[in-house]
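Hi everyone, thanks for making time for this. I'd like to walk you through one model today, so let's put it on the screen.

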Amino acid sequence: MAARGELAWRRWADGAALGGAAELGHRSAASDWRFRASHAPGGSRAFARAQTDVTMTGGQRLGGTRIGYVGFYAADGDARSGDARSTSEPIDPLRRGTRQHTQGIAVMPQWTIGRNSSLGLEARVGSSESGDATARLSTMSQVLGLFSATRIHAITATTTATYTRSQRALMFAGAEDTRLHEAQINWTGQLVWPVAYGTFDVYSSLQRSTGGAALSDGQHDLVLRAERLAVPLLQNRVHASAAIGRLTSLSTGNVIYTQRAGLSAVLPMSTYLRLDTERNPFVTFGGNSGWITALRIERSFGTPGFLRGGRGTGVVFEDQNGNGVRDHGERGLPGVLVRVGGEVVITDRGGVYRLTRATGGVPELDERSLPFGLMLAPQLSRGTSAGVHGDALDIPVVPVGAVEVRLELSADATLNRTPTMWTGVTVSARDATGRRHVALLLADGRAVFEALPPGTYRLEIDGSGAAEPLSVEGEAPSFTLSGSREPRVMRVTMGPRRLRMFRAPPAQRPAAEGQR
């Protein structure tokens, strides 16, 4: 269980007041949930409106199914909407006392398919209302969606498909209400290919609208991106990025292109020099929509924990000793996918991921995006909170090691050595938590553990299922893995299972026919 709270003093054009936020969370092997409530006081100016929100997110495991849920309520308005004003005071459109609130709930069951794929559903119901005493807009929506993810070698593919129904009601003072109905089908697909020198990304979406309230038939987007490409011969200190997008209107058939390119250079003292140029027809400058160029300098610096706001950043790192804490020399992992709520981000070259919007979800790492030889720390895969410390949402990833156990017959064994003599033997390793890992047994008597995380293990060998039962000579060895990826070889001597001698009770003879 974890709890945190914040208090802040806020000033705006018309006054000042105290606001705050509180958060309560819990994680266990079967469930996780987080509750957050906040209030920001505000006045009559649009950029300092009063805001209140309550969010509940979580997940529950039922066998092989994980059911996620989200409930939310948010309201913002004008704290001075009821203030008395003189009739001679001019009307300010920003001081009309408008209010807005939204609420809803979503349920998202998810299943894992094999080792590289997952499938999920989403059912969501929400409503919103905004306006003032003269006009109001009320919207009710129902969403049914399907999402999936799969990994093919190093490429991760994700896709979503949703069907949304909306009912809108326009209410004006002294006039009859107007009701509109709309349906929309949305599809998105994304391919992410992290490589040693950068990340390539292909994104496509299709929006199709129907109904009398639809403003257009929809649109189709296609975006190609290349991020953080290391420039050769510059020692990984200069990176390039580029993107090109194509937007097609399904109503008119018009096509619009956007282009972007940039360079980023690492300077001393954690300083970055960035040059970006972009051509976007939706953005105009001086009446023109040509190329726009920006040059900026950024510097990163640390702040005390009590000054860091939110939980929007973290590090995915290689936990070489398996203690769940990032120690000196443990590197961050670039190009790893992290999901928080409905947002998907990719770690940079230092293993850092940054969220672009506030979210109440728990970060989840997509193991399919990890480099070969690494896996999520077992304590995190079981739902515990290891790796989450204070305000930092660090995710430890442990290197896995290969262990080979070579089964050998004792020198004085009189068994027949046949190609099938090891068939039926089971070799497993049990870690300190009692978790059992089973080895792949080969015909020549080699038992291979392909991926064991760091820890201490005790070998367990059962030879009772062999054609000629076998047992371990002496004690089965224990071993410790400390994060090294070098394969480890151990030898175990086995021999015929010992016979236990015992005295049988005398046989009972049946009585003669005449003695019954």
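Let's begin with Arg-124, which is partly exposed at 32% relative accessibility. Its side chain meets that of Glu-122 in a salt bridge, with 2.9 Å from N to O. Is Glu-122 buried or exposed? Glu-122 counts as buried because its relative accessible area is 16%, and the cut-off for buried is under 20%. Please keep in mind that this is a predicted model, so every number I quote is computed from it.

That pair is one of a set, as the count comes to 17 salt bridges. Another joins Glu-23 to Arg-36, where the closest N and O atoms are 3.4 Å apart. This one links distant parts of the chain: Glu-23 sits in strand S2 and Arg-36 in strand S3, 13 residues apart. Glu-23 is buried at 9% relative accessibility, whereas Arg-36 is partly exposed at 27%. Then there is Arg-296 with Asp-276, again a salt bridge at 2.9 Å from N to O. Here the link runs from strand S16, which holds Arg-296, to strand S15, which holds Asp-276, and the two residues are 20 apart. Arg-296 itself is partly exposed, at 37% relative accessibility.

My favourite is a network of salt bridges, though. Which residues does it link? They are Glu-404, Arg-406, Asp-444 and Arg-446. Two of those names come back in the strand pairing, since Arg-406 has Arg-446 in S30 as its bridge partner.

So let me turn to that sheet. Strands S26 and S30 pair in the antiparallel sense over 5 bridges. On from there, S29 and S30 also run antiparallel, joined by 2 bridges, and Leu-440 has Val-448 in S30 as its partner. S29 and S30 make a hairpin with 4 residues between them, and in the turn Gly-445 has a positive phi of about 90 degrees. Step back and you see 5 strands in an open sheet with mixed pairing, in the order S29-S30-S26-S34-S32. Which strands are at the edges? Those are S29 and S32, each of which pairs on one side only. S32 is joined to S34 by 3 bridges, and those two run antiparallel. In that pairing, Ser-471 stands opposite Gly-495 in S34.

Now for what is packed around these strands. The largest nonpolar core has 24 residues, and the members touching the most others are Val-405, Leu-407, Val-427, Phe-449, Leu-459 and Phe-479. Elements that give two or more residues to this core include S26, S30, S32 and S34, along with S27, S31 and S33. Which of them gives the most? S26 does, with 4 residues. If you click on Leu-459, you'll find contacts with Val-405, Val-427, Phe-449, Phe-479, Met-490 and Val-492, among them, leaving aside residues up to four places away in sequence. There is also a second, separate core of 15 residues, and Leu-333, Val-336, Val-345 and Leu-355 are included in it.

One residue worth a zoom is Leu-337, in strand S18. Leu-337 is buried, with just 2% relative accessible area. Beyond its sequence neighbours up to four places away, Leu-337 touches residues including Thr-156, Val-192, Val-345, Leu-365 and Ser-369. The C-alpha atoms of Leu-337 and Ser-369 are 6.0 Å apart, although their positions lie 32 residues apart along the chain.

For the ring fans, a search of the whole structure finds 2 aromatic pairs. Trp-193 and Phe-200 have ring centres 5.9 Å apart and planes at 35 degrees, so that pair is tilted. Both partners are partly exposed, Trp-193 at 41% and Phe-200 at 30%. The rings of Tyr-457 and Phe-479 have centres 5.4 Å apart and planes at 20 degrees, so they count as stacked. Because Tyr-457 lies in S31 and Phe-479 in S33, this pair ties together parts 22 residues apart in sequence. Tyr-457 and Phe-479 are both buried.

Let me finish with the overall picture. The secondary structure comes to 1 helix and 34 strands. Of the 516 residues, 34% count as buried. Among contacts between residues at least 6 apart in sequence, 51% join residues at least 24 apart. The protein exposes about 30,900 Å², with carbon and sulfur atoms supplying 57% of it. Thanks for listening!

Terms used. Residues numbered from 1 in each chain as written. Predicted model: local features only at pLDDT ≥ 70, side-chain atom pairs only at ≥ 80, totals over all residues. Heavy atoms only, no water. Core = buried A, V, L, I, M, F, W, Y, C linked by side-chain atoms within 4.5 Å. Buried < 20%, exposed > 50% of the residue type's maximum accessible area, 1.4 Å probe, protein only. Contact = heavy atoms within 4.5 Å. Pairing = 2+ DSSP bridges. Phe/Tyr/Trp six-rings, centres within 6.5 Å; stacked < 30°, edge-to-face > 60°. Areas by Shrake-Rupley, 256 points an atom, 1.4 Å probe, with all protein chains shown as cover. Salt bridge = Lys/Arg side-chain N within 4 Å of Asp/Glu carboxyl O.
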